[in-house]
Amino acid sequence: MKYTIKKLAEMTGITTRTLRYYDDINLLKPSEVNENNYRIYDEKNVNKLQQILFYRSLNFPLQEIKKIMDDPNFSRIDALKQQQRLLLQEQEKINTLLTNVDLTIKDYQGEIKMTDTEKFKAFKKTKISENEVKYGAEIRQKYGSKMVERSNQKFSKLSEVEFQQMQAVEKTLIDDLVALKQHPDLDSQLAQKIYQEHKQWLEYTWPSYTKKAHRGLVDMYISDARFGDYYDKKANMPVVQLLHDVIYEYTK
């Protein structure tokens, strides 16, 4: 089967404007452009679009999707299996949230009594599932499933006080990155403090710390926008490159 851009848009529920944009950025090129200058899409295009939409449903940025699908070693079946695993993790996250909401409603209505520990445990489980969906594949590829599982286990055992301390360290780290951004100086006491804060933040969940692993992590912050955007959004300004440079300065 072959489809005009209009027919493909109608079939998939996305706009012709989006399809034209995918063409412009070389993410999804039509199989041909006919004599009337209409974009024509074939079955291979449809299959590729399906994969793109799977990744988009998992909140992958277009730049990252293009990088994955342009890889000469890209395998459609491997990608589908990865997407299946990520969607199952997303399903688990939603089920956990629904269960927690249901219990919280019953607690509010006086039908049951949830302890603070139970409320906190559900939150941590949700956070682990969320991180698995967003970053699990990349982190497991870089550090191995064993280390990721140990990290998740350590996070799940954090007390509420420890978790609050972890959040406080992160907030101070972001504030200090914003301050350093105004007057960048990698030799300053502030830069050294930022290194120590980021290291301390990681040690709440990392089974063990090494300078090599720390460098590898901030390299991922730079190479994958999903990681870097986390800090930039928290700071409301681009700070991830500065964080990367600070970590490299103090992990020599």
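## Rings, charges and a helix contact

In this structure, the charged end of R215 sits over the ring of Y248, 4.1 Å from the centre of that ring. The model is a predicted one, and what follows describes its rings and their surroundings, after a short look at the chain as a whole. A second arrangement of this kind involves K199, whose charged end sits over the ring of Y209 at 4.8 Å from the ring centre.

**The chain as a whole**

The protein chain has 252 residues, of which 40% count as buried, and its secondary structure comes to 12 helices and 3 strands. Along its principal axes, the C-alpha trace spans about 65 × 60 × 35 Å. If one takes the contacts between residues at least 6 apart in sequence, 63% of them join residues that are at least 24 apart.

**Aromatic pairs**

The structure holds 8 aromatic pairs, and two of them are set out in the table.

| Pair | Centre to centre | Angle between planes | Arrangement |
|---|---|---|---|
| Y195 and Y250 | 6.0 Å | 20° | stacked |
| Y221 and Y231 | 4.9 Å | 50° | tilted |

Why does the pair of Y195 and Y250 tie together parts that are 55 residues apart in sequence? Y195 lies in helix α9 (residues 189–203), whereas Y250 lies in the segment after α12 (240–249), so the pair joins parts with that separation of 55 residues. Y195 has a relative accessible area of 6% and is therefore buried, and Y250, with a relative accessible area of 18%, is buried because the cut-off for this class is under 20%.

The pair of Y221 and Y231 ties together parts that are 10 residues apart in sequence, because Y221 lies in helix α10 and Y231 in helix α11. Y221 is buried, with a relative accessible area of 6%, and Y231 also counts as buried, at 1% relative accessibility. Both of these residues belong to a cluster in which ring pairs link W201, Y221, Y230 and Y231.

**The contact between α10 and α11**

How do the two helices that carry Y221 and Y231 lie with respect to each other? Helix α10 (residues 211–223) and helix α11 (residues 225–235) pack with their axes 5 Å apart and at an angle of about 95°. Angles from 65 to 115 degrees count as roughly perpendicular, and α10 and α11 are therefore roughly perpendicular to each other. On the side of α10, the contact is made by M220, Y221 and S223, while α11 contributes A225, F227, G228 and Y231. Of the residues in this contact, 5 are nonpolar and 2 are polar, and no charged residue takes part.

**The surroundings of Y41**

Another tyrosine, Y41, lies in strand β3 (residues 39–41). Is Y41 buried or exposed? At 0% relative accessibility, Y41 counts as buried. Leaving aside residues up to four places away in sequence, Y41 touches M1, K2, Y3, T4, I5, L8, L19, L28, K29, P30 and S31. The C-alpha atoms of Y41 and K7 are separated by 9.4 Å, although these two residues are 34 residues apart along the chain.

Notes
Residues numbered from 1 in each chain as written. Predicted model: local features only at pLDDT ≥ 70, side-chain atom pairs only at ≥ 80, totals over all residues. Heavy atoms only, no water. Axes fitted to C-alpha atoms, helices over the stretch in contact; angles between N-to-C directions. Helix = DSSP H or I, 4+ residues; strand = E, 2+ residues; numbered from the N terminus. Parallel < 35°, antiparallel > 145°, perpendicular 65-115°, else oblique. Contact = heavy atoms within 4.5 Å. Nonpolar A, V, L, I, M, F, W, Y, C, P; charged D, E, K, R; others polar. Phe/Tyr/Trp six-rings, centres within 6.5 Å; stacked < 30°, edge-to-face > 60°. Buried < 20%, exposed > 50% of the residue type's maximum accessible area, 1.4 Å probe, protein only. Lys NZ or Arg CZ within 6 Å of the ring centre and 35° of its normal.
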